[in-house]
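Biologist: Hey, I've just opened this one and I'm new to it. Can you walk me through it?
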Amino acid sequence: MIYLASRSPRRLALLEQIGITDVRLLLDEDEARAEALEAVRPKESPTQYVERVARAKGEAAWARLVALRDTAGQAGTTDAWPLAPLLAADTTVAVGGKILGKPEDADDAARILGLLSGRSHRVLSSVVVIGPSGKLRQCTQVSRVRFRRLTDDDIAGYIASGEPFGKAGAYGIQGLAACFVRRIEGSYSGIMGLPLFETAQLLGKVGVPPV
């Protein structure tokens, strides 16, 4: 069993792909705090940003686990929250040094997709695993994606589908945006939000080998 500090159904599906099916979600219910965590800091590079956010998500989730165990311990039921590896991740999209986060609205989605049109961009996914001892391990994977040139109709149609919202870079490669992608270099699963090779390596170090 592992804990997952993520609301992403894509990450759950990707973990299942490598045989990890016993997953318990360990989420921060404070949306405002989560949004503040993802705010870009001044002069922060895309790599610094994605690694900071992934690490902060993992550390916050681990603190919640410890607090839950302490509360359960007072009731004599620590088995309800066993110590087990915890996984957190964050993914961002960057054009040059510019971080492209989740679109705020349709106009913002159109702006982001316009920036991606006809050019290459980077997708950075950082994975954090905290073992039962509390030791944190982290790895960041970077892929390159090149979009074909998008027409105004392409962008409007994609926004109308609803897919851009809630996704860094305003697109998901596993959905309709696949028809925009001319070439990728790197990890397809990393572009989806969880690079499986790096994830499996980290989990293996804390006793959770993939199938």
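Modeller: Sure, let's go through the strands, the cores, the pocket and a few single residues. Keep in mind that this is a predicted model.

Biologist: Okay, strands then. How many residues of S3 are buried?
Modeller: Ten of the ten residues in S3 are buried, so that strand is mostly covered. Leu86, Ala88, Asp90, Thr92 and Ala94 point one way from S3, while Leu87, Ala89, Thr91, Val93 and Val95 point the other way.

Biologist: Which way does S1 run against S3, parallel or antiparallel?
Modeller: Parallel, with two bridges joining S1, residues 2–4, to S3. Leu4 has Leu87 as its bridge partner in S3.

Biologist: And how many bridges join S3 to S5?
Modeller: Nine, and that pair is antiparallel. S5 covers residues 120–130, and Ile130 in S5 is the bridge partner of Leu86.

Biologist: What about S3 and S4?
Modeller: Those two run antiparallel, joined by three bridges, with Val93 opposite Leu100 in S4. They form a hairpin with two residues between them. Gly96 sits in the turn and has a positive phi of about 65°.

Biologist: Which strand makes a hairpin with S5?
Modeller: S6 does, with five residues between the two strands. Gly134 in that turn has a positive phi of about 95°. S5 and S6, which spans residues 136–147, pair antiparallel over eleven bridges, and His121 stands opposite Val145 in S6.

Biologist: What does S6 do with S7?
Modeller: S6 and S7 pair over four bridges, again in the antiparallel sense. Val145 turns up here too, with Ile184 as its bridge partner in S7.

Biologist: Let's zoom in on Val129. Is it buried or exposed?
Modeller: Val129 is buried, at 0% relative accessibility. You'll find Val129 in S5.

Biologist: What does Val129 touch, apart from residues up to four places away in sequence?
Modeller: With those set aside, Val129 touches residues including Leu86, Leu87, Leu136, Arg137, Leu202 and Val206. Its C-alpha is also 6.5 Å from that of Ala88, although the two are 41 residues apart along the chain.

Biologist: Switching topic: how many residues are in the largest nonpolar core?
Modeller: That core has 40 residues. Leu15, Leu113 and Tyr171 have the most contacts inside it.

Biologist: Which residues is Leu15 in contact with, leaving aside those within four places in sequence?
Modeller: Among them are Ile2, Leu4, Ile20, Val23 and Leu87. Leu194, Thr199 and Leu203 are in contact with Leu15 as well. There's also a second, separate core of twelve residues, including Ala54, Ala61, Trp62 and Ile130.

Biologist: Now the pockets. What's the volume of the largest pocket?
Modeller: About 1200 Å³. It is lined by 46 residues, and the closest to its centre are Glu38, Lys57, Asp90, Lys102 and Gly166.

Biologist: Which elements give two or more residues to that lining?
Modeller: The helices are H1, H2, H3, H4 and H6, and the strands are S3 and S4.

Biologist: And what's the lining like by class?
Modeller: There are 20 nonpolar, nine polar and 17 charged residues in the lining of that pocket.

Biologist: You mentioned positive phi in those glycines. Where else does positive phi turn up?
Modeller: Lys43 has a positive phi of about 65° even though it isn't a glycine. Lys43 is in the loop between H2 and H3. Ala170 is another one, with phi near 65°, and Ala170 is in the loop between H5 and S7.

Biologist: Why point those two out?
Modeller: Because most residues other than glycine have a negative phi.

Biologist: Are Lys43 and Ala170 buried or exposed?
Modeller: One of each. Lys43 counts as exposed because its relative accessible area is 86%, over the 50% cut-off. Ala170 is buried, at 0% relative accessibility.

Biologist: Last one: what about Thr71?
Modeller: Thr71 is in helix H3 and is exposed, with a relative accessible area of 53%. Thr71 and Trp81 are ten residues apart in sequence, and their C-alpha atoms are 9.9 Å apart.

Terms used:
Residues are numbered from 1 along each chain as its sequence is written. This is a predicted model: local features need pLDDT of at least 70, side-chain atom pairs count only at pLDDT 80 or more; totals for chains, interfaces and linings use all residues. Side-chain values use heavy atoms; hydrogens and water are left out. On a 1 Å grid over the protein atoms alone, a cavity is a set of points where a 1.4 Å probe fits but cannot get out, and a pocket is an open set with protein on both sides within 12 Å along at least five of seven lines; lining residues have an atom within 4 Å of a point. Grid points are joined across faces, edges and corners, and a volume is the space filled by probe spheres set on the points. Ala, Val, Leu, Ile, Met, Phe, Trp, Tyr, Cys and Pro count as nonpolar, Asp, Glu, Lys and Arg as charged, and the others, Gly among them, as polar. Buried means under 20% relative accessible area, exposed over 50%, partly exposed in between (1.4 Å probe, protein chains only). Two strands pair if DSSP finds at least two bridges between them. A nonpolar core is a set of buried Ala, Val, Leu, Ile, Met, Phe, Trp, Tyr and Cys residues joined through side-chain atoms within 4.5 Å. Contact means heavy atoms within 4.5 Å.
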